[in-house]
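Biologist: Hey, I've just opened this one and haven't looked at it before. Can you walk me through it?
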Amino acid sequence: MNDNLWKSFIDCFKSPGVTRNFIDYYTAITSWIQNNKHHFSVDLLEKNRLDILINLNPNIYVIEDPGFPLAMELKRFEKNIPEKLEIFAMILGNRLWEMVTIRGEECPNCEGDEMRYLLAEEISTKDKKIILECNSCGWTENIDGTLWSGGRVAILPANKEDLKSLFIS
Ligand SMILES: [Zn+2]
């Protein structure tokens with residue numbers, strides 16, 4: 001991938017406090033993507049849900065424990081310079097997704113990952129529904145464990161409040 005783009009990404013770690021907590025870290029990465037959006041095609045942004053991720057309010061969506069150590073992030077990135085922009089976009093998408101999605105049970109399909117709670121909004125009816133999705137293999141199910149049939153929906157991570165309303169009702 002483009003050297004200057006990579007350098008500029010690594011530079012964003014050098015501002016003080018970037019890895020102080022997950023909210024600041026999420027904010028730093030998504031602002032960097034906003035500022036460098038023109039380097040990515042719309043397809044690439046959508047495919048990796050970066051279009052959704054850069055518009056989420058970190059104060060509402062970033063979870064308490066995404067399950068990786070922040071102190072290692074710069075090293076982790078520096079060690080593996082992505083060869084292609086496609087790979088870089090995928091790595092960014094996965095990392096950000098981990099920071100805003102609440103984990104559920106282990107995926108019954110690949111058993112390699114925990115499923116994440118998502119909010120699916122039917123585009124025509126605006127009906128909202130909480131579903132579970134595995135980011136590794138794409139398996140999606142309803143919260144009662146039956147296979148989710150999909151449809152034309154807009155997907156967002158389900159935040160704490162969404163889950164609260166689900167488990168109360
Ligand atoms: Zn899976």
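Modeller: Sure. Keep in mind that this is a predicted model. Across the interface of domain 1 and domain 2, the rule finds two salt bridges. In one of them, glutamate 133 pairs with arginine 49, with 2.9 Å between the closest N and O atoms.

Biologist: And how many residue pairs are in polar contact between domain 1 and domain 2?
Modeller: Four residue pairs, with both residues at pLDDT 80 or more. On the side of domain 1 that touches domain 2, helix 5 (58–61) and helix 7 (85–100) each supply at least two residues.

Biologist: Which helix gives the most to that side of domain 1?
Modeller: Helix 7 does, with four residues. By type, the residues on that side of domain 1 divide into seven nonpolar, two polar and four charged.

Biologist: Let me back up. Where do the domains run?
Modeller: The domain assignment puts domain 1 at 3–100 and domain 2 at 103–168. Their C-alpha centres lie 23 Å apart.

Biologist: How many residues are in contact across the two domains?
Modeller: 13 residues of domain 1 are in contact with 10 residues of domain 2.

Biologist: What area do they bury between them?
Modeller: About 1000 Å², and 48% of that is on carbon and sulfur atoms. Of the area that domain 1 buries against domain 2, 49% comes from Arg49, Tyr61 and Trp97, more than any other three residues supply.

Biologist: Arg49 again! What else does that residue do?
Modeller: Arg49 is the salt-bridge partner of glutamate 133.

Methods:
Residues numbered from 1 in each chain as written. Predicted model: local features only at pLDDT ≥ 70, side-chain atom pairs only at ≥ 80, totals over all residues. Heavy atoms only, no water. Domains from an automatic or database assignment. Contact = heavy atoms within 4.5 Å. Buried area = accessible area lost by both parts, 1.4 Å probe. Salt bridge = Lys/Arg side-chain N within 4 Å of Asp/Glu carboxyl O. Polar contact = N/O pair within 3.5 Å; in protein donor to acceptor, adjacent residues only side chain to side chain. Nonpolar A, V, L, I, M, F, W, Y, C, P; charged D, E, K, R; others polar.
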